Amino acid sequence: METRGGGNCANALTAAARLGLDSYLVSKVGDDSIGQEIEQELLSDGVHTQFLLRAKGHSSPFTYIIVDKQGGTRTCIHTPGAAYSPQDLTQDTISQALADAQLVYFDGRLTESAVMLARAARQQGVPVLVEAERLRPNLEVLLGEADYVCTSAHFPQQWTGETALGDALHTTLSRLPRVKFMITTLGKRGSVLIARTDSQAVNQEVAQEAAQEASQEAVLEDLLHSMLDEVGSSNRAGDGNGIGDGDGSSLLGCTARNGTRVKAGRVTATDKPFRLQLQRSPGDSPEATAAAEKAASAEASANADSTNASAYGRTASTAVATAGRDLIATVTVASAANLPQAVEDTTGAGDAFIGTILYGIIHKLLYDQMLRLAAVVAACKCTALGARPGLPHAEDIDADLLTA
């Protein structure tokens with residue numbers, strides 16, 4: 001058994017710090033030896049911890065992760081620690097944490113405190129990225145404060161109840177008019193980035209130009225199938241989160257600490273904005289509503305929170321004026337990176353991906369560059385056991401992947 005640091009946000013910030021970003025964690029651990037180990041590991045990776053609280057008399061959160069290499073599965077047994085409450089987030093902490101900040105990332109947990117910090121960030125003009133990995137209580141309120149969103153493969157369909165992935169992505173973005181782009185990771189199939197040009201996310205002049213330029217219409221579900229087939233044709237699918245095992249076509253990549261050479265995959269993108277449409281008829285779908293309610297109830301039950309099921313799904317506050325309209329946006333699809341050996345462990349691959357997106361936003365990488373780099377970092381992470389030992393440093397990655 002090995003003991004390593006973990007947690008979505010801490011893992012993502014570690015990935016970002018190893019790429020060269022100045023990263024600060026706002027969270028809470030116990031005053032036990034595990035809490036001390038957590039802080040020391042973060043510091044050793046360059047993650048600043050002055051906003052990491054130590055809860056007196058409490059144990060630190062701890063998760064047993066059982067990895068079945070042969071079956072490719074993970075079993076997690078989690079013991080929570082003291083929650084970070086709104087009372088912990090003082091005005092002084094908010095002011096110091098946001099001083100000179102270029103981006104704030106939330107992993108979707110502890111939403112009451114997260115919303116407070118997100119709203120303060122927006123008031124100061126600091127962009128916000130929110131991760132939507134799974135249905136969580138009041139996550140939709142936090143999503144409403146986001147400039148950027150990263151979702152898991154299943155979240156859009158669970159939140160919207162839509163059967164088709166394209167319809168789920170379309171509906172999700174229609175509920176979040178502030179979002180500039182949304183990335184959805186699709187495991188071994190790669191990732192999708194949809195960049196909006198028709199909303200509060202861009203200024204009115206840009207939106208009008210995009211609307212005039214977007215003369216071509218497409219059903220998003222059909223467009224996704226075509227683009228995923230295009231990038232997948234040269235990448236034989238592998239296992240893991242954003243990982244393939246084909247030869248690909250790129251010489252760029254990353255050399256893992258164990259010597260494994262991970263190569264970047266392929267990317268395709270629309271050359272201009274499209275008027276993206278639903279596959280199904282526009283308007284509310286009773287079937288989708290029922291499916292979303294069922295998913296919210298199941299997630300609440302899994303968290304022993306059945307009486308609060310409504311907080312896990314959609315409420316009336318997410319019915320926005322843009323619902324039912326065509327979505328004007330560009331679409332970028334990236335394949336998985338190419339990993340020539342068997343995956344050691346996928347734990348934290350999604351966190352590695354998001355940590356790289358943070359880097360890409362700060363450094364203004366083009367969308368195709370951002371997705372390729374994120375897939376490479378996620379694949380490189382999977383060459384070692386645990387969420388962090390396999391994370392590459394900037395010097396491990398070909399320089400052309402790191403610059404705009």
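Is Lys28 buried or exposed at 15% relative accessibility? Select Lys28 and find out: at 15%, Lys28 counts as buried (buried means under 20% relative accessible area, exposed over 50%, partly exposed in between, with a 1.4 Å probe and protein chains only).

Before moving on, some ground rules. This is a predicted model, where local features need pLDDT of at least 70 and side-chain atom pairs count only at pLDDT 80 or more, while totals for chains, interfaces and linings use all residues. Residues are numbered from 1 along each chain as its sequence is written, and side-chain values use heavy atoms, with hydrogens and water left out.

**The whole chain**

Zoom out and colour by secondary structure: the chain has 13 helices and 19 strands (DSSP runs numbered from the N terminus, helices being H or I with at least four residues and strands E with at least two). Of its 404 residues, 52% count as buried. Accessible surface adds up to about 18,000 Å², and 48% of that belongs to carbon and sulfur atoms (Shrake-Rupley method, 1.4 Å probe; for residues, only the protein chains shown count as cover). Now think about contacts, meaning heavy atoms within 4.5 Å. Among those between residues at least 6 apart in sequence, 71% join residues at least 24 apart.

**Salt bridges**

Go back to Lys28 and add Asp88. Their side chains meet in a salt bridge at 2.7 Å, N to O (a side-chain nitrogen of Lys or Arg within 4 Å of a carboxyl oxygen of Asp or Glu). This pair links distant parts of the chain, 60 residues apart: Lys28 sits in strand E2, and Asp88 in the loop between E6 and helix H3 (91-98). A search of the whole structure turns up 16 salt bridges.

Next, pick Arg388 and Glu41, whose side chains form a salt bridge at 3.6 Å, N to O. Here the partners are 347 residues apart, with Arg388 in the loop between helix H12 (367-381) and helix H13 (399-402), and Glu41 in helix H2. Arg388 is buried at a relative accessible area of 2%, whereas Glu41 is partly exposed at 22%.

For a third pair, select Arg122 and Asp147: another salt bridge, 3.2 Å from N to O. Arg122 is in helix H4 and Asp147 in the loop between helix H5 (139-143) and E9, 25 residues apart. Asp147 counts as buried at 8% relative accessibility, and Arg122 is partly exposed at 27%. Keep both on screen and add Arg119, Glu145, Arg178 and Lys180: salt bridges that share partners join these residues, along with Arg122 and Asp147, into one network.

**Strand E9**

Which residues touch Thr151, leaving aside its neighbours within four places in sequence? Show Ala132, Pro156, Met182, Ile183, Thr184 and Thr185, which are the ones in contact. Thr151 belongs to strand E9 (residues 148-151) and is buried, at 4% relative accessible area.

**Two helices**

Select helix H2 (residues 33-44). Its twelve residues reach 16 Å from first C-alpha to last, close to the 16 Å expected at 1.5 Å a residue (the expected span being 1.5 Å times one less than the number of residues). Gly35, Glu39 and Leu42 are buried in H2. They cover an arc of only 65° around the axis, which puts them on the same side of H2 (the arc is that of the directions from the helix axis to the C-beta atoms). The buried residues of H2 pack against helix H1 (8-19) and strands E2 (27-30), E3 (47-48) and E4 (52-55). Turn to the face away from the buried side and you'll find the exposed residues Ser33 and Ser44. After H2 comes Gly46, with a positive phi near 85°.

Now jump to helix H11 (residues 349-362), with 14 residues and a reach of 20 Å from first C-alpha to last, close to the expected 20 Å. H11 is mostly covered, with 13 of its 14 residues buried. Lys364 follows H11 and has a positive phi near 55°.

**More positive phi**

Try Leu110, a residue other than glycine with phi near 45°. Leu110 is in the loop between strand E7 (104-106) and helix H4 (111-123), and is partly exposed at 45%. Then click Ala304, not a glycine either, with a positive phi of about 55°. Ala304 lies in the loop between helix H10 (286-302) and strand E18 (327-334) and is exposed at 73%.
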